Amino acid sequence: MLRRKQESQKTVIKSPKIEVFWGPSIHSREAVVVAGITLDDLTIAQSPHIIETVTAVTDPWFPCKPDESCTNDAERLASFIVEWALGALTYQSGFLNARGYRATGPDSFALWLGFHQPRFSSAALSIAVSVCEVAATGRLDEKKLRAQLEALWKAASPYHPDTQAQILMEGARAMDLPYMPAWNIVRHWQFGWGAESMTTFMAASNRDGVVSNQVMANKRYSKSMIEYLGLPVPIDAAVTKEDEIPAAVEQIGFPCVVKPPNMGEGMGVSAGLTTTEQVRTAFRQAMQFTKQPVMIERHVPGSDHRLVIIDEKLVGVFRRDPPMVTGNGTSTAGQLIEDLNRDRAPLGTESYTQLIAIDLDETVTQHLERQGISADTVLPEGKQVTLKSTSNVAAGGT
């Protein structure tokens, strides 16, 4: 809220409270963020000076003017804040049009701005309010403002549509068809609503399976879509350097899982980790499989199930278990693995009739070590030991 006391003659503007509307609302048919502001008499009296000062500084970057239909200074300033925020947000590669304002009381307004990602439109509105506040005091620093805007542009750029998406959006506008970000996933866009809607990535859509494959192949995309649909997902953190691990572990807690975000078949995945050192080891292993930031995720214990759905009907369910051996009191873990492999397809073979052989590699060795076991340990009779923390069939699961 922008609240001031006229008698103080001091301008103090706090960041406006922001609400997010992902679909049609009383403010707009498009997805928008909305801020509520209230102007006092001092601010209104200074509004011509505020608009002139801000325009003089930022006009070379993105010219913006208040709505010409404004009937008073308060309305004119509210309009200018919205137009300036839109200009700041779309200056480089944004493709937004939705914005507006309406009076909600004496000198109070609701301001709204479209978004490709809500937090950047919220930031643009907050910066616009702050810039006008500073301009009222006559201390607008052009270099500081430029640095602030460049930080916004850099952060928002990956979330703006590419050229192909912009072409589709132009067509959607001509058809009066709504569009919005899809599933909170970068550069995926939804056109229309409900069963007849279409989701796109670049020039491809979910109608040819490309978008579904994009989501399926990236664990972060999958989680984002699931969360967007209102279903629970475990907390995670993205880690690029080993020294970031302690902070991530403190945030997530034990036990946890370490995994590459873009690999399948259980490659580079370590689950059920209970110490920071285990996480460090698992992180180094995961980095061998990906160039993307590694995911450290809260471990959710339970069985791994796959559901087969055809034509929107559930036709089957199966459970996948991690590979394991059972002690006989005389054989070592390594010997038991050799026995297990006799009835399995050789490593490197793609078999749909046989289970895959287990390689006594770094992944298996580390998993055994976490259980206090080595390949030379003789397992007591009846003791079951898992060989991997994942149950993927391609990694030897059953």
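**Entry 1: a charge and a ring**

Over the ring of which residue does the charged end of Arg146 sit? I looked this up and found the ring of Trp61, with the charged end 5.0 Å from its centre. I note at the outset that I am working with a predicted model.

**Entry 2: the sheet**

I turned next to the strands. I recall that strands of a sheet pair through backbone hydrogen bonds, either parallel or antiparallel. Here I found an open sheet of 4 strands in the order β1-β2-β4-β3, with antiparallel pairing. I recorded β1 and β3 (99–105) as the edge strands, since each of them pairs on one side only. On average, neighbouring strands of this sheet are turned by 25 degrees against each other, direction ignored.

How many bridges join β3 to β4? I read off 6 bridges between these antiparallel strands. I also looked up the partner of Tyr101, which stands opposite Leu111 in β4. I then checked helix α2 and saw that it lies across β2, β3 and β4, running at about 20 degrees to β4.

**Entry 3: the nonpolar cores**

Which residues of the largest nonpolar core touch the most other members? I listed Ile81, Trp84, Phe109, Leu111, Leu113, Leu145 and Leu149, out of 47 residues in that core. I noted that two or more residues each come from β2 (32–38), α1 (41–58), α2 (73–90), β4 (108–114), α3 (118–137) and α4 (142–156). The greatest contribution is that of α2, with 11 residues.

I then followed Leu145, one of the residues just listed. Leaving aside residues up to four places away in sequence, Leu145 touches Val57, Thr58, Trp61, Trp84, Ile127, Val131 and Leu140. I met Trp61 in this list after having noted its ring under the charged end of Arg146. Apart from the largest core I found another, of 15 residues, including Ala237, Val239, Ala282 and Val294.

**Entry 4: aromatic pairs**

I remind myself that a pair of aromatic rings is described by the distance of the centres and the angle of the planes. I counted 7 aromatic pairs in the structure. One of them joins Trp22 and Tyr228 edge-to-face, at 6.0 Å centre to centre and with 75 degrees between the planes. Trp22 lies in the loop between β1 (18–21) and β2, and Tyr228 lies in helix α7 (residues 219–228), so this pair ties together parts that are 206 residues apart in sequence. Why does Trp22 count as partly exposed? I found its relative accessible area to be 29%, and partly exposed covers the range between the limits of 20% and 50%. Tyr228 is likewise partly exposed, because its relative accessible area is 28%.

A further edge-to-face pair is formed by Phe62 and Trp84, with 5.3 Å centre to centre and 65 degrees between the planes. I located Phe62 in the loop between α1 and α2 and Trp84 in helix α2, 22 residues apart, and the pair thus links distant parts of the chain. Are Phe62 and Trp84 buried or exposed? I found both to be buried. I also traced a cluster in which ring pairs link Phe62, Trp84, Tyr91 and Trp153.

**Entry 5: Ala155**

Lastly, I looked up Ala155, which has its place in helix α4. Ala155 counts as partly exposed because its relative accessibility is 35%. I also checked its separation from Phe120: the two C-alpha atoms are separated by 8.0 Å, while the residues are 35 apart along the chain.

Definitions and conventions
Residues are numbered from 1 along each chain as its sequence is written. This is a predicted model: local features need pLDDT of at least 70, side-chain atom pairs count only at pLDDT 80 or more; totals for chains, interfaces and linings use all residues. Side-chain values use heavy atoms; hydrogens and water are left out. A nonpolar core is a set of buried Ala, Val, Leu, Ile, Met, Phe, Trp, Tyr and Cys residues joined through side-chain atoms within 4.5 Å. Buried means under 20% relative accessible area, exposed over 50%, partly exposed in between (1.4 Å probe, protein chains only). Contact means heavy atoms within 4.5 Å. Rings of Phe, Tyr and Trp (its six-membered ring) pair if their centres lie within 6.5 Å; planes under 30 degrees apart count as stacked, over 60 as edge-to-face and the rest as tilted. A charge sits over a ring if NZ of Lys or CZ of Arg is within 6 Å of the ring centre and within 35 degrees of the ring normal. Two strands pair if DSSP finds at least two bridges between them. Axes are lines fitted to C-alpha atoms, for helices over the stretch in contact, and angles run from 0 to 180 degrees between N-to-C directions.
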